[in-house]
Amino acid sequence: KSFTACDVAAPVAMEGTNATLLAACGALAGRVAKLEELAAGAAAEATTHGRVLLQTNETIELLTLSEEVVGVNLAIDTLWQLLAAFMVFLMQAGFAALEAGSVRAKNTKNILLKNLLDACLGAVVWWALGFPFAFGARFNGSNGWIGANNFFLAQYNHVPYTTAQPRYNIELVNFGRTGGDPDGLGGVDTGEAGLSGYAFWMFQWAFAATTATIVSGAVAERCRFVGYLIYQSVLIAFVYPVVVHWVWSTEGWLSAFFVPPNTDDRGTCDGVCENLFNGIVDFAGSGVVHLVGGTAALWSAYILGPRIGRFGSNGEVNDLQPHSLPLATLGVLIMWFGWYGFNCGSTLALADGLWYVAAKVAVVTTLSAAGGGCGTVILGMIMRQPIDLAPVLNGILSGLVACCAGTATFEPFAGLVVGLVASWLYAGASAGLKKLRIDDPLDASPVHLVNGAWGLIAAGLLSTRTNTIAAYGNPGPTNQEPTDFIFTDSGHKYWGGFYGGGGGVFWAQGI
């Protein structure tokens with residue numbers, strides 16, 4: 001604007017150098033006006049698309065930052081998923097230490113071998129069948145009962161090279177970029193980057209291995225090795241993946257992530273979208289992982305029968321002392337650490353505000369574990385019983401199990417309450433099993449089955465509106481709250497009953 005002086009009316013006549021300067025001034029003013037025009041248009045683009053202006057001698061170029069930002073976000077989100085997967089896998093070491101310390105010394109090698117094969121054989125079965133059944137896409141016209149593609153991770157989409165991904169032009173089917181077939185090679189692409197299929201596979205494999213390991217404690221000291229391998233293969237290949245598909249895929253009839261067939265929009269369906277209300281709240285697997293594993297543990301312990309000498313002829317319970325409580329304690333502490341990957345990592349990303357959800361999940365997880373441990377001590381004091389180490393360890397695990405479902409939708413105080421109640425439910429269920437003469441050496445079914453169910457029910461009661469839409473909604477327009485899942489299309493509110501959310505979620509959790 002400083003050059004507008006060149007355009008003043010009736011300029012004084014100039015000769016020589018002054019005239020030349022005046023001509024140059026007028027030309028420069030025209031160029032500045034052109035630059036300002038370009039800048040105004042570019043500024044509008046910057047407001048909408050996140051672009052920056054780069055000025056050169058004669059032009060203004062638009063440097064697109066969107067792909068660079070997407071690339072950084074994807075790198076961070078992928079690293080987050082991998083780190084969470086590694087933390088969940090470390091829980092296998094915790095399980096191994098807990099179980100080895102809780103059995104008699106003569107059975108240590110056997111139970112450690114079973115824990116190792118939970119990871120080894122489990123990875124092969126999950127790669128071949130489990131993951132495709134859990135997260136594969138349905139056949140045309142079929143229901144959302146089970147997935148049906150990407151067996152052996154052998155199906156790919158062709159995608160273009162981008163700034164966000166300059167090294168690969170393929171992505172696992174059902175992941176990455178979807179829609180269309182720009183290269184005519186049978187692949188699909190919309191140019192929108194998505195979750196890495198390989199990072200997601202790693203994370204879900206760690207979950208599957210955890211589910212299988214729950215049972216190894218319930219059948220400790222009396223299950224044949226080959227029989228255990230057969231059970232493990234069936235559970236990871238056919239049982240667990242079906243439940244995962246129901247609850248965590250985009251097709252399941254219990255899924256909060258349900259997407260109607262042939263659409264990309266969770267909000268376009270009518271009625272109940274072929275799923276129950278808007279699905280259930282099971283953020284990190286109280287039902288999917290722990291209820292499934294705990295149910296298998298209960299039936300396994302019942303079918304195998306008790307260990308020799310566990311129950312007397314008159315029904316009295318004989319203690320079979322664990323050989324290393326320090327090892328068991330170390331195992332629980334390792335599992336508590338790994339649980340942060342289990343729960344916080346279930347955000348699947350840190351971008352789009354999910355970093356805040358992950359941080360809050362960590363607090364809820366901590367308070368729930370603490371509540372479980374303290375609740376066991378309080379119960380012992382009320383019942384005037386000696387405070388023992390093993391029940392406190394299981395109380396902590398009970399709190400961790402129970403908080404998984406609502407860990408992203410609870411307020412911190414609710415996590416503490418859920419953990420306290422979980423420890424009391426565990427104690428009652430453990431006593432009940434002994435009355436029924438069912439021998440569960442590590443109390444796997446009271447910890448995981450009973451408190452997996454309690455976690456689901458608690459999520460239906462104590463999930464707040466704000467936390468639920470933050471964890472399950474889609475990012476809304478600028479400066480507006482997330483969209484979807486505040487109300488279902490059929491009018492049901494989608495949050496906990498104790499916070500005015502009605503009974504829709506509660507009844508879905510019960511079913």
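**Entry 1: a cysteine to start with**

Is C404 buried or exposed? I looked it up in this model, which is a predicted one. C404 is buried, with a relative accessible area of 0%; the cut-off for buried is under 20%.

Next I checked whether C404 has a bonded partner. C404 is in no disulfide, and the nearest cysteine sulfur, that of C403, is 5.0 Å away. A disulfide needs two cysteine sulfur atoms within 2.5 Å, so that pair does not count. For the whole model I noted zero disulfides. I also looked at C120, which turned out to be partly exposed, with a relative accessible area of 47%.

**Entry 2: the whole chain**

I stepped back to see the overall picture. The protein chain has 13 helices and four strands. Of its 511 residues, 48% count as buried. I then looked at contacts between residues with a separation of 6 or more, and 69% of them join residues 24 or more positions apart.

**Entry 3: helix α9 and its neighbours**

I picked helix α9, residues 389-403, for a longer look. Two packed helices are described by the angle between their axes and the distance between the axes, so I wrote down both each time.

*With α7.* Helix α7 covers residues 325-344, and its axis comes within 10 Å of that of α9, crossing at roughly 10 degrees. An angle under 35 degrees counts as roughly parallel, and that makes α7 roughly parallel to α9. On the α7 side the contact includes W336 and W339, and on the α9 side it includes L393 and L397. I found 13 nonpolar, two polar and no charged residues in this contact.

*With α8.* Helix α8, residues 354-382, packs against α9 at an angle of about 145 degrees, with the axes 7 Å apart. The crossing of α8 past α9 is right-handed. Among the α8 residues that meet α9 are G372 and G373, while G395 and G399 are among those on the α9 side. By class I noted seven nonpolar, seven polar and no charged residues here.

*With α11.* Helix α11 spans residues 444-462; α9 packs against α11 at an angle of about 40 degrees, and their axes lie 8 Å apart. These two helices are therefore oblique to each other. α9 passes α11 in a right-handed crossing. N394, L397, S398, V401 and A402 of α9 make the contact with V447, H448, N451, G452, W454 and G455 of α11. The residues of this contact divide into five nonpolar, six polar and no charged.

Looking back over my notes, I see that L397 and V401 are listed in the contact with α7 and also in the contact with α11. C403, the cysteine from my opening entry, is listed in the contact with α7 and in the one with α8.

**Entry 4: two residues with positive phi**

Which residue in the loop between α8 and α9 did I want to check? It was R384, which lies in that loop. R384 has a positive phi of about 55 degrees although it is not a glycine. R384 is exposed, with a relative accessible area of 79%, and the cut-off for exposed is over 50%.

I then turned to E221, found in the loop between α4 (197-218) and α5 (225-248). E221 is not a glycine, yet its phi is positive, at about 75 degrees. Unlike R384, which is exposed, E221 is buried, with a relative accessible area of 16%.

Conventions
Residues numbered from 1 in each chain as written. Predicted model: local features only at pLDDT ≥ 70, side-chain atom pairs only at ≥ 80, totals over all residues. Heavy atoms only, no water. Axes fitted to C-alpha atoms, helices over the stretch in contact; angles between N-to-C directions. Parallel < 35°, antiparallel > 145°, perpendicular 65-115°, else oblique. Left-handed = near helix turned anticlockwise from the far one by under 90°. Contact = heavy atoms within 4.5 Å. Nonpolar A, V, L, I, M, F, W, Y, C, P; charged D, E, K, R; others polar. Buried < 20%, exposed > 50% of the residue type's maximum accessible area, 1.4 Å probe, protein only.
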